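The following exercises guide a reader through one structure. Each task is followed by a solution in steps.

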Amino acid sequence: MPEIDYRVDRAVAVVSFANPPVNGLSHAVRAGIAAALQRAQTDPEVRAIVLTGAGGLFSGGADIREFGTSASTADPTLHRLIELVETSVKPVVAAIAGACLGGGLELAMAAHYRVASADARLGLPEVTLGLLPGAGGTQRLPRLVGVETAIDMILKGEPTPATALAHTELLDRVVAGDPLAAATELATSSDVATSPPRRTRDIPVDEPKVATLCEAARARLRAEWPLLPAPLRALDAIEAAAQPFDEGLAVERRAFLELMETPESKGLRYAFFAERAAGKIDGIPPATAIRPVEQAAVIGAGTMGAGIAVALLDAGIPLWLVEADQTALDRGLARIAGIYDAQVKKGKLTESERARRLAMLRPTLSYETIGQADVVIEAVFEAMEVKRGVFRALDRVMKPGAVLATNTSTLDVNTIAGFTGRPSDVLGLHFFSPANVMRLLEIVRGRATAPEVLATALRLAKALRKVAVVSGVCDGFIGNRMLEGYSRQAWYLVEEGATPDRIDRAIESFGFAMGPFRVGDLVGHDVSLAIRQRRRAERHGYLCSTLPDKLCALGRLGQKTGGGWYDYPEGPRRPAPSAAVEELITSHREAIGVVQRGVDDGEIVERLVYALVNEGARVLEEGIAARASDIDVIYLTGYGFPRARGGPMFYADSLGLDRVLERVREFARNPHGDPAFWTPAPLLDRLAASGGRFSENPRPAAPLAP
Ligand code: NAD
């Protein structure tokens, strides 16, 4: 329950509000603060008011538990509370420690003075939800920090350290440690006592400057983020700050209400809640025991092993790094040093921090030395025989209770667990490349994985600052299993008539970070070739274009061999269409007897995205994913799906599943490719018929399938 504390100290009413975990401005908090303000107005002993958050932070903003409920708009609204603060006849000083975000900052900006601790972080993150600060933030921030800084803060949505704002009117004082004493001292000072009320709304905004700066920012946005309306609308509101305050506020209000209804904001808000839901797992109650992770081991120091090692070191977890031979070990160490060198060069890391992290790394060629690690993450070649050797060795040397994880992209985690005499300690920790950068961690729960081991993995993910999603065991787990169909459609589309560049551009215009051919060139085609070969051997009648195999046969394995689907004459960031690939495609079409036809961008996007949706429906129905939003989180954080579209399942829901099904049926009539590919998933079929949505689909009866 939220608590409001009111006490009087040297003629200052100190109003402190507590609503863990982030002092969200719930209805009860707003009502409590309003009542305390009222009490202070009429309290003859009180000359000034200090407003502060309890527990070491001011406020993280709205209470997200109230989103969509009547409590979020119940009186006093945040607007009303802000008005009460700003119009208070007794001066109000905000004492700001820790996070002061969103509505929290909007509230603080209505105070007449602000004192922050040096470690406070202030920001307006609303654009990340497709909205704008809707409680005066776009009007007060430019008045306090200047138009340029306000544009920067509102458009980026990231918190700014108090120290970087110390020179602005936003902060009257920045102090070391708890700001409460300094705020109380300021509130009792003669300056405050003798000055007329200092209302932020009365500060003028320099008009010609605001128009010029907003126009320049608009031009940048149109080039970089043409899809997103929120930053543009935020600029309109900031520009209106040059008008009388109430008119500006009305512009902000209109824009806020419009943005609430945009599909982009709906997608972004959905994504926000989907990430929070992903951490909740059936069969893992909050009280599940968690094993301590104080030291780790990583097996294999290739692309993934090196990145995983960096992710662990960044989280302060010391580790052993095991390789097969000295040359590979040296290469791996150089890779890790290279990652840190680049960060030092960019000014993101100090030399001493680099040295401190590298000192936690213990390279070794011997499994015997790593027995005391709490968690081992294996990242050796993607071949069952190699994994068998590693897990047999781990079973021999690891202490009882060590968590044994594989980073396999596609192999059967149950089989791998079976290489040990302790399958309940085994699970998949599927990192994405580069492992120290990508936010997603797909946690693969094996048939025997103990709840405690899963809970430990979830905690580790948090320590590594990853978004964790739990998947059941199947070929490719959630992400790569769905990607298979997406890739197969991309290759079929080339066979039918589109160029790789055309396909990449179409899906990038839809909002994907990168199209399938550019991604393929980046990660290398040898990996997917090996996977295709395995699938052809394992699955009877597996149909897949041989075009990518022919590309590999030309030695065009991607950027690492100088070219793949594209040439790279001007470096890795500038793919150029390749004459050799064009020739390859023409001769491939001749060989398979396909006559080139026109393929439009709409078809490209639909075939790629609906391939994801149809397989996602199977993944959901089989219980491989616990909920549709988990699938969406995987695609948003690991595969570059446009966040503003919410992920493939949410996107399909928002289009209407009947419409998706109709197109799937049309694609099934296409004579080219694999006729069985577009067989509608039974869940898609049923939901389309009943007017349902994936997001409302009841959870599978069983917990996650093994
Ligand atoms: P890689 O070829 O870059 O690295 C593998 C490393 O393992 C090599 O350095 C090799 O010397 C070492 N190794 C082989 N056998 C070993 C053994 N018995 N003991 C110790 N070290 C051994 O491969 P990668 O791309 O880093 O992939 C590693 C694993 O991660 C694979 O299972 C792969 O499927 C998975 N994965 C890869 C990606 C990716 O994008 N590359 C993404 C997610 C998962």
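A polar contact is a pair of N or O atoms within 3.5 Å. The model is predicted, and the exercises below concern its ligand, its cavities and its backbone.

**Exercise 1. Determine which residues make polar contacts with the ligand through its oxygen atoms, and describe the surrounding shell.**

Step 1. Begin with the backbone. A polar backbone atom of Thr303 lies 3.0 Å from an oxygen atom of the ligand. For Val380, the distance from a polar backbone atom to an oxygen atom of the ligand is 3.3 Å.

Step 2. Turn to the side chains. In Ser409, an N or O atom of the side chain is 2.6 Å from a ligand oxygen atom. Each of these distances can be compared with the cut-off of 3.5 Å.

Step 3. Consider how far the ligand is covered. On its own the ligand has 840 Å² of accessible area, and the protein covers 81% of this.

Step 4. Assign the shell to elements. Two or more residues are contributed by each of α13 (303–314), α16 (384–397) and β15 (426–431). The largest share, 3 residues, belongs to α16.

Step 5. Examine the shell as a whole. The ligand is surrounded by 23 residues, the closest being Met304, Glu323, Glu382, Lys387 and Ser409. By class, 12 residues of the shell are nonpolar, 8 are polar and 3 are charged.

**Exercise 2. Describe the two largest cavities by volume and lining.**

Step 1. Establish the count. There are 3 cavities of 30 Å³ or more.

Step 2. Describe the largest cavity. Its space amounts to about 70 Å³. Residues that line the largest cavity include Gln489, Tyr492, Arg607, Phe667 and Trp678. The elements giving two or more residues to this lining are α19 (477–496) and α28 (657–668). The lining of the largest cavity has 5 nonpolar, 4 polar and 2 charged residues.

Step 3. Describe the second largest cavity. Its volume is about 50 Å³. Among the residues lining the second largest cavity are His112, Arg114, Glu169, Arg198 and Arg199. This lining has 3 nonpolar, 2 polar and 4 charged residues.

**Exercise 3. Locate the cis peptide bonds at Pro21 and Pro76.**

Step 1. Take Pro21. The cis bond joins Pro20 to Pro21, with omega at about 5 degrees. Pro21 is placed in the loop between β2 (12–18) and α1 (27–42).

Step 2. Take Pro76. Here the cis bond joins Asp75 to Pro76, and omega is about -5 degrees. The loop between β3 (48–53) and α2 (78–86) holds Pro76.

**Exercise 4. Arg10 and Phe477 have a positive phi although neither is a glycine. Is Arg10 buried or exposed, and is Phe477 buried or exposed?**

Step 1. Note the cut-offs. A residue is buried under 20% relative accessible area and exposed over 50%.

Step 2. Apply them to Arg10. The phi of Arg10 is about 45 degrees, and the residue lies in the loop between β1 (3–9) and β2. Arg10 has a relative accessible area of 56% and is therefore exposed.

Step 3. Apply them to Phe477. The phi of Phe477 is about 55 degrees, and the residue belongs to helix α19. Phe477 has a relative accessible area of 0% and is therefore buried.

Key: Residues are numbered from 1 along each chain as its sequence is written. This is a predicted model: local features need pLDDT of at least 70, side-chain atom pairs count only at pLDDT 80 or more; totals for chains, interfaces and linings use all residues. Side-chain values use heavy atoms; hydrogens and water are left out. A residue is near a molecule or strand if one of its heavy atoms lies within 4 Å of it. A polar contact is a pair of N or O atoms within 3.5 Å; within protein, one must be able to donate a hydrogen and the other to accept it, and residues adjacent in sequence count only if both atoms are side-chain atoms. Accessible areas come from the Shrake-Rupley method with a 1.4 Å probe; for residues, only the protein chains shown count as cover. Helices (H or I, at least four residues) and strands (E, at least two) are DSSP runs, numbered from the N terminus. Ala, Val, Leu, Ile, Met, Phe, Trp, Tyr, Cys and Pro count as nonpolar, Asp, Glu, Lys and Arg as charged, and the others, Gly among them, as polar. On a 1 Å grid over the protein atoms alone, a cavity is a set of points where a 1.4 Å probe fits but cannot get out, and a pocket is an open set with protein on both sides within 12 Å along at least five of seven lines; lining residues have an atom within 4 Å of a point. Grid points are joined across faces, edges and corners, and a volume is the space filled by probe spheres set on the points. Buried means under 20% relative accessible area, exposed over 50%, partly exposed in between (1.4 Å probe, protein chains only).
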